[in-house]
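Subject: Structure for you to look at

Hello,

Here is the structure I said I would pass on. My notes on what was found in it follow below.

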Amino acid sequence: EPIQNPLFDEPLGMTLRHARQRKELGIETVARQLKLPVSVIESMEKEAWQNLGAPIYVKSYLDGYLRLLGLPASLASQVRASRSEPGLVAMAPSNK
């Protein structure tokens with residue numbers, strides 16, 4: 001019998017953590033291999049993207065982590081699509 005497909009995809013942070021655990025890698029080991037602070041790895045696994053700085057840094061960190069874990073690079077698109085850029089704020093009063 002085929003296995004039932006899940007209704008929802010696993011969140012990216014959980015996917016990263018589960019893949020790391022399957023490879024029996026500790027956070028410290030991953031951080032050392034990627035030459036990143038442990039806090040960056042923890043932020044990715046918690047999906048705290050705002051802690052990682054500009055989108056270019058998020059992309060770089062995530063691409064490296066996915067590559068290390070042997071996960072498809074296409075998973076990074078989940079973050080790029082969900083990360084919103086800050087809106088524009090008027091600094092001067094409008095003359096309406």
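At 37% relative accessibility, K59 counts as partly exposed. Please keep in mind that this value, like the others below, comes from a predicted model.

K59 is a convenient place to start, as its side chain forms a salt bridge with that of D63, at 2.6 Å from N to O. Both residues sit in helix α4 (residues 55–69), and because they are four residues apart there, about one helical turn separates K59 from D63. The partner, D63, has a relative accessible area of 18% and is therefore buried, the cut-off being under 20%.

How many salt bridges does a search of the whole structure find? The count is two. Besides the pair in α4, there is a salt bridge between the side chains of R20 and E45, again given as 2.6 Å, N to O. This one links distant parts of the chain: R20 belongs to helix α1 (residues 12–22) and E45 to helix α3 (residues 38–46), with their positions 25 residues apart. Are R20 and E45 buried or exposed? Both are buried.

Now the overall layout. The chain contains five helices and zero strands, so read from the N terminus the order of elements is α-α-α-α-α. Of the 96 residues in the chain, 32% are buried. If you take the contacts in the chain with a separation of 6 or more, 56% of them are between residues 24 or more positions apart.

Helix α3

E45 is one of the buried residues of α3, and the others are V40, I41, S43 and M44. What covers these buried residues includes α1, α2 (27–34) and α4. S39 is also in helix α3, but at 45% relative accessibility S39 counts as partly exposed. The C-alpha atom of S39 is 9.2 Å from that of I27, and the two residues are twelve apart along the chain. After α3 comes E47, which has a positive phi, near 60°.

Helices α2 and α4

Two packed helices are described by the angle between their axes and the distance between the axes. For α2 and α4, the angle is about 115° and the axes are 11 Å apart. That angle makes α2 roughly perpendicular to α4. The crossing of α2 past α4 is right-handed. Which residues meet there? From α2 they are V30, Q33 and L34, and from α4 they are G64, Y65 and L68. By type, the residues of this contact divide into four nonpolar, two polar and no charged.

Helix α1

Apart from R20, one more residue of α1 may be worth a look. T15 is found in helix α1, and T15 is buried, with a relative accessible area of 16%. Setting aside the neighbours within four places in sequence, T15 is in contact with E10, L71 and L75.

If you open the model, the two salt bridges are a reasonable place to begin: R20 with E45, then K59 with D63. After that, look at the contact of α2 with α4, where V30, Q33 and L34 meet G64, Y65 and L68.

Regards

How values were computed: Residues are numbered from 1 along each chain as its sequence is written. This is a predicted model: local features need pLDDT of at least 70, side-chain atom pairs count only at pLDDT 80 or more; totals for chains, interfaces and linings use all residues. Side-chain values use heavy atoms; hydrogens and water are left out. A salt bridge is a side-chain nitrogen of Lys or Arg within 4 Å of a carboxyl oxygen of Asp or Glu. Helices (H or I, at least four residues) and strands (E, at least two) are DSSP runs, numbered from the N terminus. Buried means under 20% relative accessible area, exposed over 50%, partly exposed in between (1.4 Å probe, protein chains only). Contact means heavy atoms within 4.5 Å. Axes are lines fitted to C-alpha atoms, for helices over the stretch in contact, and angles run from 0 to 180 degrees between N-to-C directions. Angles under 35 degrees count as roughly parallel, over 145 as roughly antiparallel, 65 to 115 as roughly perpendicular and the rest as oblique. A crossing is left-handed if the near helix is turned anticlockwise from the far one by less than a right angle, and right-handed if clockwise. Ala, Val, Leu, Ile, Met, Phe, Trp, Tyr, Cys and Pro count as nonpolar, Asp, Glu, Lys and Arg as charged, and the others, Gly among them, as polar.
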